[in-house]
Amino acid sequence: MNKTIYMDYAATTYTKREVVGEMLPYFTENFGNPSSIYSLSRVTKKAIDVSRDRVAKALNADSSEIYFTGSGSEADNWAIKGVALANRKKGNHIITTKIEHHAVLHTCEYLEKNGFEVTYLPVDKEGFISLEALKAAIKDTTILVSVMFANNEIGTIQPIKEIGKICRERKILFHTDAVQAIGNIPIDVKDMNIDLLSLAGHKFYGPKGVGALYIRKGVRIDNLIHGGGQERARRAGTENVAGVVGLGKAIELATANIEEKNAKLIALRDKLIEGLLKVPYTRLNGPKGNKRLPGNVNVCFEFIEGESVLLLLDDAGICASSGSACTSGALDPSHVLLAIGLPHEIAHGSLRLSLGEGNTEGEVDYVLEVIPNIVKRLRDMSPLWESVVKKGGSSNV
């Protein structure tokens, strides 16, 4: 193939032309500050209101419960810090998991340095938390549970409704980072007992630099960004009108016909997984079936480095990753893979291929043609491969 094959949709998506089309007027024509009172500004304020309605409809929330942010990371920070600070008189204990995005983990670590106690729930070999372990971790001082909806690296979809039910019964607030879930899984915040939910536009074919936080009515939460009275005095800063418009259009498109889109992605995903597992000494990370994100494939190839695989894939015109795009420069293996029990040497050989609307069966076929040759080439240069496998050793998987 001569064209570039993009299989890193979990890192970011392209912005759809329909989305860009709706955004363009708010750069050059309808550029008024929504906080002003003249007609030009009323146009931009109305556009924000329309987008707020679109996000609310996608989540089965009320428009008054949607607040726009600069990213999914900001939304995570706001949810966790905001709840912690607003409810510190009730308690100082937060529960999360070992496989959260760093926007959650680093926020919790920050709070630990400032007098809060955090419990990091372990996960099983497929990345699921135990509901019984969650119940056992709850204390009288627990004020918040934060569990991601679907994991960005291994695609594990947590039992969100059940987690929310446990929290609701114990009058503990429940936040979920749904950045990877929007557009892949139907979400109903009321049915799923969700109190706070974070999302990011660039994960579902919207623009970068804009996100949103759902805050259920009645939830006490402190502001994260102080200044003006934007976002109903809860999030200061002149609104990114074009970005908000783009997010609103993107979420409307992303949440329409989810089942039809998923059927295509699941077929491509399963074909890719089946083909990759034919490569000797390869393991799938995360679950199979409907408890895995439709477009997520994550495998480990023993005896080689994932970074080397990525470089050779790039030479072949294939864009992929070894884990989260936010930690792609890190030398340490993925904290998610270590949490599901992989030893360092195997976790270093990880490859994530995340599929999206632009992928085709022909592209999957090409990837399955290229990867076995890359793995063989790298293993042939590996002393470990020579000593362990060719001399009758066995896999550590």
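Me: How many aromatic pairs does a search of the whole structure find?
Reply: The model is a predicted one. Searched as a whole, the structure gives a count of aromatic pairs of eight.

Me: Is the pair of Tyr67 and Trp78 stacked or edge-to-face?
Reply: The ring centres of Tyr67 and Trp78 lie 5.9 Å apart. Their planes stand at 75°. Planes over 60 degrees apart fall in one class. So the class for Tyr67 and Trp78 is edge-to-face.

Me: How many residues apart are Tyr67 and Trp78, and which elements hold them?
Reply: Tyr67 is in strand β2, residues 66–69. Trp78 is in helix α4, residues 72–86. Both residues are buried. The pair links distant parts of the chain, and the separation is 11 residues.

Me: The charged end of which residue sits over the ring of Tyr67?
Reply: Tyr67 has a second partner besides Trp78. A charged end lies 4.1 Å from the centre of the Tyr67 ring. It belongs to Arg232.

Me: Which residue lies over the face of Phe128?
Reply: The distance to the ring centre of Phe128 is 5.8 Å. The residue is Lys291.

Me: What angle lies between the ring planes of Tyr281 and Phe303?
Reply: Tyr281 and Phe303 form an edge-to-face pair. Their centres are 5.7 Å apart. The angle between the planes is 70°.

Me: Where do Tyr281 and Phe303 lie?
Reply: The two are 22 residues apart, and their pair links distant parts of the chain. Tyr281 is in the loop between α10 (258–276) and β9 (282–284). Phe303 is in the loop between β10 (296–301) and α11 (306–315).

Me: Is Tyr281 buried or partly exposed?
Reply: Its pair partner Phe303 has 9% relative accessibility and counts as buried. The buried class ends at 20%. Tyr281 has 24% relative accessibility, so it counts as partly exposed.

Me: Which residues form one aromatic cluster with Tyr205?
Reply: Tyr205 lies in the loop between β7 (196–200) and β8 (211–215). At 9% relative accessibility, Tyr205 counts as buried. The other members of its cluster are Tyr6, Tyr9 and Tyr14.

Me: What is the phi of Tyr205?
Reply: Tyr205 is not a glycine. Even so, its phi is positive. The value is about 70°.

Me: What is the phi of Glu231, and where does Glu231 lie?
Reply: Glu231 lies in helix α8, residues 230–233. At 5% relative accessibility, Glu231 counts as buried. It is not a glycine, yet its phi is positive, at about 50°.

Me: Which residues is Thr13 in contact with, leaving aside its neighbours within four places in sequence?
Reply: Thr13 lies in the loop between β1 (5–6) and α1 (17–23). Its relative accessible area is 4%, so Thr13 is buried. Its contacts are His202, Lys203, Phe204, Tyr205, Gly206 and Lys208.

Me: What distance separates the C-alpha atoms of Thr13 and Glu357?
Reply: Along the chain, Thr13 and Glu357 are 344 residues apart. In space, their C-alpha atoms are separated by 9.3 Å.

Me: Which residues does Ala61 touch, not counting those up to four places away in sequence?
Reply: Ala61 lies in the loop between α3 (39–59) and β2. It counts as buried, at 12% relative accessibility. Ala61 touches Ala56, Ile66, Val189 and Tyr214.

Me: Are α4 and α5 roughly parallel or roughly antiparallel?
Reply: The axes of α4 and α5 come within 9 Å. They cross at roughly 30°. Angles under 35 degrees share one class. That makes α4 and α5 roughly parallel.

Me: Which residues of α5 are buried?
Reply: Helix α5 spans residues 102–112. Its cover includes α4, β3 (93–97), β4 (117–121), β5 (142–146), β6 (173–177) and α12 (335–339). The buried residues are Ala103, Val104, Leu105, Thr107, Cys108 and Leu111.

Me: At what angle do α11 and α14 pack, and is that oblique or roughly parallel?
Reply: Helix α14 covers residues 361–380. Its axis and that of α11 are 10 Å apart, and the crossing angle is about 130°. The helices are therefore oblique to each other.

Me: Which residues of α11 and α14 make the contact?
Reply: The crossing of α11 and α14 is right-handed. From α11 come Ser308, Val309, Leu312 and Leu313. From α14 come Val370, Ile371, Ile374, Arg377 and Leu378.

Methods:
Residues are numbered from 1 along each chain as its sequence is written. This is a predicted model: local features need pLDDT of at least 70, side-chain atom pairs count only at pLDDT 80 or more; totals for chains, interfaces and linings use all residues. Side-chain values use heavy atoms; hydrogens and water are left out. Rings of Phe, Tyr and Trp (its six-membered ring) pair if their centres lie within 6.5 Å; planes under 30 degrees apart count as stacked, over 60 as edge-to-face and the rest as tilted. Helices (H or I, at least four residues) and strands (E, at least two) are DSSP runs, numbered from the N terminus. Buried means under 20% relative accessible area, exposed over 50%, partly exposed in between (1.4 Å probe, protein chains only). A charge sits over a ring if NZ of Lys or CZ of Arg is within 6 Å of the ring centre and within 35 degrees of the ring normal. Axes are lines fitted to C-alpha atoms, for helices over the stretch in contact, and angles run from 0 to 180 degrees between N-to-C directions. Angles under 35 degrees count as roughly parallel, over 145 as roughly antiparallel, 65 to 115 as roughly perpendicular and the rest as oblique. A crossing is left-handed if the near helix is turned anticlockwise from the far one by less than a right angle, and right-handed if clockwise. Contact means heavy atoms within 4.5 Å.
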